[in-house]
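Good morning, and thank you for coming. I would ask you to keep the structure in view while I speak.

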Amino acid sequence: MRNSWKILVAALALAAAAPAVAQYEYKPRWQLEKEEKERQQELLEQSVPKFQRWRNVARLNVGVAFFYSEYYNCSYWYGYYPAYSCGGSGSWVSYVPFTVGPQVDVNLGGMNNLSVGFNVFLGNATGTVYSGLSAQSVSRSVTIWEPTVDYVAKLGPPANTKGRFRVGGGMYIGPNAELGAAFRIGGGASFFNLSRLGIGLDLVLEGGVYRGYWIGALQLVASPEFHF
(Lines give C-alpha, C1' and ligand atoms only; values in the text may rest on other atoms or scores of the structure.)
Protein backbone atom coordinates (compact mmCIF):
# COMPACT_ATOMS: atom_id res chain seq x y z
CA MET A 1 0.00 0.00 0.00
CA ARG A 2 2.77 2.38 0.91
CA ASN A 3 4.47 1.81 -2.46
CA SER A 4 1.18 2.46 -4.20
CA TRP A 5 0.91 5.86 -2.54
CA LYS A 6 4.46 6.68 -3.59
CA ILE A 7 3.73 5.77 -7.16
CA LEU A 8 0.56 7.87 -7.10
CA VAL A 9 2.37 10.94 -5.72
CA ALA A 10 5.15 10.60 -8.32
CA ALA A 11 2.61 10.29 -11.10
CA LEU A 12 0.77 13.43 -9.94
CA ALA A 13 4.06 15.36 -9.77
CA LEU A 14 5.01 14.32 -13.28
CA ALA A 15 1.58 15.27 -14.52
CA ALA A 16 1.87 18.73 -12.98
CA ALA A 17 5.37 19.29 -14.39
CA ALA A 18 4.56 18.05 -17.85
CA PRO A 19 3.10 21.37 -19.19
CA ALA A 20 6.14 23.32 -17.97
CA VAL A 21 8.51 20.82 -19.52
CA ALA A 22 6.54 20.94 -22.73
CA GLN A 23 6.87 24.73 -22.83
CA TYR A 24 10.65 24.66 -22.32
CA GLU A 25 12.52 24.88 -25.61
CA TYR A 26 15.90 23.23 -25.69
CA LYS A 27 18.58 25.26 -27.55
CA PRO A 28 22.12 24.43 -28.50
CA ARG A 29 24.84 25.86 -26.29
CA TRP A 30 26.24 28.19 -28.93
CA GLN A 31 22.84 29.84 -29.39
CA LEU A 32 22.40 30.31 -25.65
CA GLU A 33 25.86 31.93 -25.41
CA LYS A 34 25.06 34.25 -28.34
CA GLU A 35 21.78 35.37 -26.76
CA GLU A 36 23.55 35.98 -23.45
CA LYS A 37 26.20 38.17 -25.14
CA GLU A 38 23.48 40.16 -26.92
CA ARG A 39 21.64 40.67 -23.65
CA GLN A 40 24.84 41.84 -21.89
CA GLN A 41 25.61 44.24 -24.76
CA GLU A 42 22.11 45.69 -24.60
CA LEU A 43 22.43 46.25 -20.86
CA LEU A 44 25.82 47.93 -21.37
CA GLU A 45 24.45 50.28 -24.04
CA GLN A 46 21.58 51.24 -21.75
CA SER A 47 23.93 52.05 -18.87
CA VAL A 48 26.40 54.21 -20.88
CA PRO A 49 25.22 57.58 -22.34
CA LYS A 50 25.26 57.66 -26.11
CA PHE A 51 27.44 60.55 -27.27
CA GLN A 52 27.04 61.90 -30.77
CA ARG A 53 30.40 63.19 -31.97
CA TRP A 54 30.25 65.77 -34.73
CA ARG A 55 33.52 66.14 -36.65
CA ASN A 56 33.08 69.49 -38.47
CA VAL A 57 31.86 72.91 -37.36
CA ALA A 58 30.41 75.91 -39.18
CA ARG A 59 30.13 79.13 -37.15
CA LEU A 60 29.35 82.82 -37.49
CA ASN A 61 31.81 84.94 -35.52
CA VAL A 62 30.38 88.14 -34.03
CA GLY A 63 32.30 90.47 -31.74
CA VAL A 64 34.67 93.39 -31.41
CA ALA A 65 38.32 93.95 -32.31
CA PHE A 66 40.94 96.36 -30.96
CA PHE A 67 43.56 97.50 -33.48
CA TYR A 68 46.50 99.79 -32.88
CA SER A 69 49.23 101.04 -35.20
CA GLU A 70 52.00 103.62 -35.07
CA TYR A 71 52.63 105.92 -38.00
CA TYR A 72 54.92 108.92 -38.54
CA ASN A 73 54.15 112.38 -39.91
CA CYS A 74 56.38 114.67 -41.89
CA SER A 75 56.73 118.27 -40.75
CA TYR A 76 57.71 121.26 -42.90
CA TRP A 77 58.60 123.59 -40.05
CA TYR A 78 61.99 124.25 -38.49
CA GLY A 79 62.59 127.55 -36.71
CA TYR A 80 61.96 130.46 -39.05
CA TYR A 81 62.77 128.53 -42.18
CA PRO A 82 60.86 125.78 -43.88
CA ALA A 83 62.72 122.53 -43.66
CA TYR A 84 61.86 118.90 -44.37
CA SER A 85 62.12 116.30 -41.64
CA CYS A 86 60.34 112.98 -41.32
CA GLY A 87 59.94 110.61 -38.43
CA GLY A 88 60.35 113.30 -35.79
CA SER A 89 56.77 112.91 -34.50
CA GLY A 90 55.01 109.61 -33.97
CA SER A 91 51.32 108.98 -33.54
CA TRP A 92 49.09 106.09 -32.64
CA VAL A 93 46.01 105.18 -34.63
CA SER A 94 43.19 103.41 -32.81
CA TYR A 95 40.61 101.30 -34.61
CA VAL A 96 37.89 99.50 -32.60
CA PRO A 97 35.58 97.95 -35.19
CA PHE A 98 32.62 95.63 -34.98
CA THR A 99 33.58 92.30 -36.57
CA VAL A 100 31.47 89.60 -38.21
CA GLY A 101 32.26 86.69 -40.48
CA PRO A 102 31.75 82.98 -41.21
CA GLN A 103 34.24 80.22 -40.41
CA VAL A 104 34.35 76.47 -41.04
CA ASP A 105 36.46 73.90 -39.16
CA VAL A 106 37.20 70.77 -41.22
CA ASN A 107 38.41 67.77 -39.21
CA LEU A 108 41.65 66.23 -40.53
CA GLY A 109 41.61 63.36 -38.07
CA GLY A 110 41.83 63.21 -34.30
CA MET A 111 42.45 66.61 -32.70
CA ASN A 112 43.65 68.24 -35.96
CA ASN A 113 41.44 70.67 -37.86
CA LEU A 114 41.78 73.18 -40.71
CA SER A 115 39.80 76.38 -40.11
CA VAL A 116 38.96 78.65 -43.08
CA GLY A 117 36.95 81.86 -42.97
CA PHE A 118 36.98 85.62 -43.23
CA ASN A 119 36.28 88.60 -41.00
CA VAL A 120 34.72 91.95 -41.91
CA PHE A 121 35.78 94.87 -39.69
CA LEU A 122 33.44 97.88 -39.62
CA GLY A 123 34.37 101.00 -37.65
CA ASN A 124 36.18 104.34 -37.45
CA ALA A 125 39.95 104.74 -37.38
CA THR A 126 41.03 107.69 -35.23
CA GLY A 127 44.47 109.30 -35.32
CA THR A 128 46.33 112.58 -34.93
CA VAL A 129 47.44 114.70 -37.88
CA TYR A 130 50.18 117.34 -37.43
CA SER A 131 50.29 120.52 -39.50
CA GLY A 132 53.23 122.73 -38.57
CA LEU A 133 53.09 123.18 -34.81
CA SER A 134 49.40 122.30 -34.49
CA ALA A 135 47.76 118.91 -34.21
CA GLN A 136 44.22 117.73 -34.67
CA SER A 137 42.37 114.45 -34.24
CA VAL A 138 40.92 112.94 -37.40
CA SER A 139 38.41 110.08 -37.63
CA ARG A 140 37.67 108.10 -40.76
CA SER A 141 35.23 105.27 -41.46
CA VAL A 142 37.16 102.18 -42.52
CA THR A 143 36.06 98.72 -43.65
CA ILE A 144 38.67 95.96 -43.75
CA TRP A 145 38.24 92.40 -45.03
CA GLU A 146 40.39 89.60 -43.65
CA PRO A 147 40.47 86.09 -45.16
CA THR A 148 41.95 83.67 -42.59
CA VAL A 149 43.43 80.16 -42.55
CA ASP A 150 44.21 78.54 -39.17
CA TYR A 151 45.31 75.21 -37.79
CA VAL A 152 43.01 74.35 -34.87
CA ALA A 153 43.75 71.72 -32.22
CA LYS A 154 40.66 70.60 -30.31
CA LEU A 155 41.68 69.43 -26.87
CA GLY A 156 40.39 66.60 -24.70
CA PRO A 157 37.97 63.68 -25.15
CA PRO A 158 34.43 64.13 -26.50
CA ALA A 159 32.59 66.29 -23.99
CA ASN A 160 29.85 68.88 -23.86
CA THR A 161 32.50 71.62 -23.42
CA LYS A 162 35.64 71.33 -25.56
CA GLY A 163 38.64 73.67 -25.70
CA ARG A 164 40.62 74.65 -28.78
CA PHE A 165 43.89 76.32 -29.73
CA ARG A 166 44.51 78.01 -33.06
CA VAL A 167 47.49 79.37 -34.99
CA GLY A 168 47.51 80.69 -38.54
CA GLY A 169 47.49 83.77 -40.71
CA GLY A 170 45.26 86.39 -42.29
CA MET A 171 45.39 88.97 -45.08
CA TYR A 172 44.04 92.51 -44.71
CA ILE A 173 42.21 94.08 -47.65
CA GLY A 174 41.29 97.71 -46.97
CA PRO A 175 39.99 100.76 -48.86
CA ASN A 176 41.53 101.34 -52.30
CA ALA A 177 42.87 97.77 -52.28
CA GLU A 178 45.37 98.56 -49.50
CA LEU A 179 46.90 95.27 -48.37
CA GLY A 180 48.46 93.79 -45.28
CA ALA A 181 49.04 90.47 -43.56
CA ALA A 182 49.11 89.18 -39.99
CA PHE A 183 50.09 86.20 -37.88
CA ARG A 184 47.25 84.84 -35.70
CA ILE A 185 47.24 82.90 -32.44
CA GLY A 186 44.42 82.31 -29.98
CA GLY A 187 42.23 79.99 -27.99
CA GLY A 188 38.60 79.33 -27.22
CA ALA A 189 35.96 76.74 -26.44
CA SER A 190 32.77 75.20 -27.78
CA PHE A 191 29.79 74.75 -25.47
CA PHE A 192 27.04 72.16 -26.09
CA ASN A 193 29.65 70.45 -28.24
CA LEU A 194 27.75 67.14 -28.31
CA SER A 195 24.60 68.74 -29.72
CA ARG A 196 23.90 69.74 -33.30
CA LEU A 197 23.81 73.43 -32.26
CA GLY A 198 26.31 75.04 -29.92
CA ILE A 199 28.01 78.27 -28.86
CA GLY A 200 31.67 79.20 -29.21
CA LEU A 201 33.88 81.82 -27.57
CA ASP A 202 37.30 82.85 -28.90
CA LEU A 203 40.13 85.26 -28.17
CA VAL A 204 42.57 85.86 -31.04
CA LEU A 205 45.77 87.94 -31.09
CA GLU A 206 47.13 89.28 -34.38
CA GLY A 207 50.35 91.00 -35.34
CA GLY A 208 51.52 92.06 -38.79
CA VAL A 209 51.87 94.83 -41.33
CA TYR A 210 49.22 97.00 -43.01
CA ARG A 211 50.05 99.71 -45.57
CA GLY A 212 53.70 99.32 -44.60
CA TYR A 213 53.11 100.01 -40.88
CA TRP A 214 53.23 97.56 -37.99
CA ILE A 215 49.79 96.72 -36.68
CA GLY A 216 48.47 94.67 -33.75
CA ALA A 217 44.97 93.48 -32.88
CA LEU A 218 42.94 91.67 -30.26
CA GLN A 219 39.67 90.01 -31.28
CA LEU A 220 36.93 88.91 -28.88
CA VAL A 221 34.17 86.95 -30.60
CA ALA A 222 31.17 84.79 -29.77
CA SER A 223 29.68 82.48 -32.33
CA PRO A 224 26.60 80.33 -32.85
CA GLU A 225 27.88 76.97 -34.12
CA PHE A 226 26.43 74.23 -36.32
CA HIS A 227 28.07 70.83 -35.82
CA PHE A 228 28.02 68.36 -38.70
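**Strand E6 and its surroundings**

Let me begin with one pair of residues: Arg-166 stands opposite Gly-186 in strand E7. Strand E7 covers residues 179-191, and it pairs with E6 in the antiparallel sense over 13 bridges; two strands pair if DSSP finds at least two bridges between them. Before I continue, please note that this is a predicted model, in which local features need pLDDT of at least 70 and side-chain atom pairs count only at pLDDT 80 or more, while totals for chains, interfaces and linings use all residues. Residues are numbered from 1 along each chain as its sequence is written, and side-chain values use heavy atoms, with hydrogens and water left out.

E6 and E7 form a hairpin with 5 residues between them. In the turn, Asn-176 has a positive phi of about 60°.

Which side chains of E6 point to the buried face? They are Lys-162, Arg-164, Arg-166, Gly-168, Gly-170 and Tyr-172. The other face carries residues that are not buried, among them Phe-165, Val-167 and Ile-173. Here buried means under 20% relative accessible area, exposed means over 50%, and partly exposed lies in between (1.4 Å probe, protein chains only). In a regular strand the side chains alternate between the two faces of the sheet.

As for the overall architecture, the protein has 2 helices and 9 strands, in the order α-α-β-β-β-β-β-β-β-β-β along the sequence. Helices (H or I, at least four residues) and strands (E, at least two) are DSSP runs, numbered from the N terminus. Of the 228 residues, 29% count as buried.

I turn now to the aromatic residues. A search of the whole structure finds 6 aromatic pairs. The rings of Tyr-172 and Tyr-210 have centres 6.1 Å apart and planes at 85°, so this pair is edge-to-face. The criterion is that rings of Phe, Tyr and Trp (its six-membered ring) pair if their centres lie within 6.5 Å; planes under 30 degrees apart count as stacked, over 60 as edge-to-face and the rest as tilted. Tyr-172 lies in strand E6 and Tyr-210 in strand E8 (residues 197-210), 38 residues apart. Both tyrosines, Tyr-172 and Tyr-210, are buried. By contrast, Phe-226 and Phe-228 form a stacked pair, at 6.1 Å centre to centre and 20° between the planes. Phe-226 is partly exposed, with a relative accessible area of 37%, and Phe-228 is partly exposed with a value of 37%.

Tyr-172 and Tyr-210 also belong to one aromatic cluster with Phe-67, Tyr-95 and Phe-121. These names recur in the largest nonpolar core, which has 12 residues, including Phe-67, Tyr-95, Phe-121, Tyr-172, Tyr-210 and Ile-215. A nonpolar core is a set of buried Ala, Val, Leu, Ile, Met, Phe, Trp, Tyr and Cys residues joined through side-chain atoms within 4.5 Å. Strands E1 (57-75), E4 (112-131), E5 (134-155) and E9 (213-227) each supply at least two residues of this core. What does Ile-215 touch? Not counting residues up to four places away in sequence, its contacts include Phe-67, Tyr-172 and Tyr-210, where contact means heavy atoms within 4.5 Å.

Finally, Ala-58 is in strand E1. Ala-58 and Phe-228 are 170 residues apart in sequence, and 7.9 Å apart in space, C-alpha to C-alpha. Ala-58 touches Phe-226 and Phe-228, among others.
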